[in-house]
Each structure stands twice: as C-alpha cells, then as structure tokens.
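Grab a coffee and open the model in your viewer. Let's work through a few exercises on how this chain is held together.

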Amino acid sequence: MSASPHDALDERQAAHSAAALRELPEALILVFDDELRFVLSAGQALARSERFSATFRAGQPIADAFPADLWRLMEPLCRSALHGETRSRELWSTDARHGLMVDIGPLRANGPAVRALGAASSPQGGLVTGGVAVVLDVSARRRAEDGGLAARHPHEHLAQVFDHAPIGMGLLDQDGRWVLVNHALCDITGYTAAELIGSRFHDVAHPKDADNDVAQRRQLLYGEIAAYETEKRYFNAAGESMSALLAISLVRDRDGAPLHFIVQLQDISERKRLEERLRHLADHDPLTGLRNRRLFEADLELQVGRCQRYGESAALLVIDLDGFKAVNDRHGHGVGDDALRALARTLTRRLRATDLLARLGGDEFAVLLPHIDAPSAQRVVADLTRVIATCTVDAGDTVLHLSGSIGFTLIDREARDDEQILAEADRAMYAAKRAKALGAQVP
C-alpha cells in the first residue's frame, strides 16, 4: 500500500463537504491560501451570474474569478484575513449594478504545527494559513429596495431598510439590553423580537466569550475608536452554541454623550465548522484519523522543550508492522488499509488519554508518552507488543494476525532536539526488527 502525502486532504471527505455546501442557494464559500489562490469553493449563486467566473478551480488566483472593479475592493479584505483580521463589507461595482456582501476571516491552524509553512500569527492565537470568505450577491435585492422603497417617505424607507436588511441588526442601550432588533437578528438567534427587547445580549453569550471585547467597548465609549469587530459564541433559542461576527459602533447625542450601541450580527457558524474541518484534515491522517507526521512532530517539539526547561521525563515509541509489504502484495492494498485501521484502533484503546498517537506514514506509527520513566516505558513496549499480536484482519480466505516491532528512547533534560529523538527511536525500532528476524531464524 502506498502511503499518501502526510499533509494531503482526504479528497473524498472534502468532496462530500463541497457537495453539501454547493447546494446553498445564495451563499458562495471560498477558502484561499496565503497567496490568495483558491483551495476550495462551494455554492452556485455567483456562478450563475454573467459577471463572475463560472468556475473557481483549486490553485486559481481569486482575482481571476471576480471583475476587476470588485476585486480592487475585495483584495484588501482578503489580505486583512491573512493578518488574522475578520471583515464584513458590502461591495459595489463602479456602475452600482452589481454588489457583494462579503464576510472574510482568517483560516487558522493552532500551535506550532504549521510554523514550517511560514504562516503569520493571528491575534486570536494560532497561525494563519489562509482565509475563508462567505460571499452573497446582493445586486437584485438592492435594485428592488431602491425601486420599491426610495419613493416612499424617507423615514419609512429607513425603517424598511433596517427591518429587511439581510444582516442581523439591533440597538443596545448602555446596559447591553436590546431596544430594537430586525427580522434577520431574530432569525439568526431564534428568538422573537418580544423575547429579545429588554433582554441582555450578555445573557445568551457563551461564558468564555461574554467579556472578550471589554477593552474595545471601553475604547469605543471614550471615543478612541469609531467602531470595532469581534467574534462571539452565543446560545440560540434552541440552546445550541453558535458563532457570530459582531460589528459594533456607537450613537451619541448632540453633546457627544453615548446613547446606543449599533450592532450588526452575522452567523458564521458554518464558516467556523468548515474552518475546523479543514484544520483537522490538514493535521490528521485521512486513513486512520490519527495525528499525521506534521502535527506529531510539533507535539514532540513541545515535549522536548518542556523536558529541557522543566526537567520532565517522557518517552517516544516508534512502531512498525512486520511483513506489511507482503500483506499488500498477497492480499491487496484494501486489506493493508484495513490492517492499518485495525492497528490504530487497537493502540488507541490501550494507550492513556494523555498519550499522543500518530501515523508517521506507511506502516509506521509513533507514540509520545509524557511523564514516564525508562522501566515504565519498557513495560508499555512489552504490553503493546502483546496487544498488537492479538490484532487480526479478515483477508477473505484467511485471517491475518499482525505483529509489530517497537523501539523507544527517553526524553529528558539532556535531549538535544526533536529530530534527534525521533532518529534514536527509529534506530531502536529497526534494531528490534532485526533482533526479531534473527530470533525467528534460530531453530
């Protein structure tokens, strides 16, 4: 069985996700890398418009898919996402006939696992490897509003625009209580206007996010900033946790005293789920679901650093299946894949929750055992060797019994770096494999 690239996305899973998203009737979801090239696109709304490219191919520059006048407005938002910022804007072509509502934010990968990619740090933590954009064509809606509402009384026109705006909007008093909400806000939260008016947004916000914008609110009140954007999780009427992008500004009276906060709220839960799914696919082996080599090497780097700084003791195990090439040659790669999945399940059940298990590639696995000494590590090696021997795979006309060779090395204050540790464990594994082969030759 040939090993897939360590950092490749699972094409079938990505295809299934894209197929589901493609059914969205209005929104277009775009995922792009740090060179502003498409990674993934889903949705048909813009593809139906003669103004936009009919295809959004992986590797294609985003600029090629949009008219030049709209791309000039959209490009700064995309580049802001690469610096960890989230922006929401309504963009219009120079002839004012075509408009886009765009919500663009960073695609983050947490931890040092992607440092080798040269990604930029994000203010929210983690590293930015690209961006995610949700794009809505609002041309027809705007034309309908201009034709049907502009001729009415101006106050009525403003009220209608507020009430029927596609983005959630509302006013909060200085205590954070809703005094006015529109239909979209009710639809997003699942509450009726009567339920929201008088209630505090803080009461439905996720406890960890309720006060994540205290400093920005203070700057807004003091006039140090004109507006700000933030992301918050909140609980909708069904009790489900959702993610929202909030844009908040302040209305003042003639004397400059604060009156109300103006809140624009967009549900970005789907974008967050897609972002999390892409991050998982980038850091995990698609066949077994275990950590891939890239993520595991980052975990190992952190553990080596803790051992060097704080004197922790840990162990690294490298596991290799015996005779795996013969399994593929005799029974086919499908049986080989079944064997790898069976081994992954067996090892996961045996190891502690704090142990980190990864597939390094091919039939090679690795285990990081924190807070362990040499005798304990040797016992784990012996135990895992026995456990692997109980692992079986149905090959159709026969049942295969697996076996594996395991090598390990300790990680302590004297460890130089993660590459050295991994090389030592790899050498120990091959020594164990040679010793087993020699033992099998002795009558």
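Here come three exercises, each with a worked solution.

This is a predicted model, in which local features need pLDDT of at least 70, side-chain atom pairs count only at pLDDT 80 or more, and totals for chains, interfaces and linings use all residues. Residues are numbered from 1 along each chain as its sequence is written, and side-chain values use heavy atoms, with hydrogens and water left out.

**Exercise 1. Cysteines**

Work out how many disulfides the structure holds, then check whether Cys-186 and Cys-391 are buried or exposed.

Step 1: look for pairs of cysteine sulfur atoms within 2.5 Å, which is what a disulfide is here. The count comes to zero.

Step 2: check accessibility, where buried means under 20% relative accessible area, exposed means over 50%, and partly exposed is in between (1.4 Å probe, protein chains only). Cys-186 is buried because its relative accessibility is 13%, and Cys-391 is buried because its value is 6%.

**Exercise 2. The largest nonpolar core**

Find out which elements build the largest nonpolar core, and what Ile-319 touches.

Step 1: a nonpolar core is a set of buried Ala, Val, Leu, Ile, Met, Phe, Trp, Tyr and Cys residues joined through side-chain atoms within 4.5 Å. The largest one has 31 residues, and Ile-319 is among those with the most contacts inside it.

Step 2: helices (H or I, at least four residues) and strands (E, at least two) are DSSP runs, numbered from the N terminus. β12 (314-321), α10 (324-331), α11 (333-350), β14 (364-370) and α12 (374-389) each bring at least two residues to this core, and α11 gives the most, with seven.

Step 3: count heavy atoms within 4.5 Å as contact. Skipping neighbours within four places in sequence, the partners of Ile-319 include Leu-347, Phe-365, Leu-384 and Ile-388.

**Exercise 3. Salt bridges across the chain**

Trace which parts of the chain the Asp-103 to Arg-271 pair links, then ask which residues share a network with Glu-229.

Step 1: a salt bridge is a side-chain nitrogen of Lys or Arg within 4 Å of a carboxyl oxygen of Asp or Glu. The whole structure has 28 of them.

Step 2: Asp-103 pairs with Arg-271, with closest N and O atoms 3.4 Å apart. The bridge ties strand β4 (residues 99-109) to helix α8 (residues 269-283), 168 residues apart. Asp-103 counts as buried at 4%, and so does Arg-271 at 1%.

Step 3: Glu-229 bridges to Arg-87, and shared partners join Glu-85, Arg-87, Arg-89 and Glu-229 into one network.
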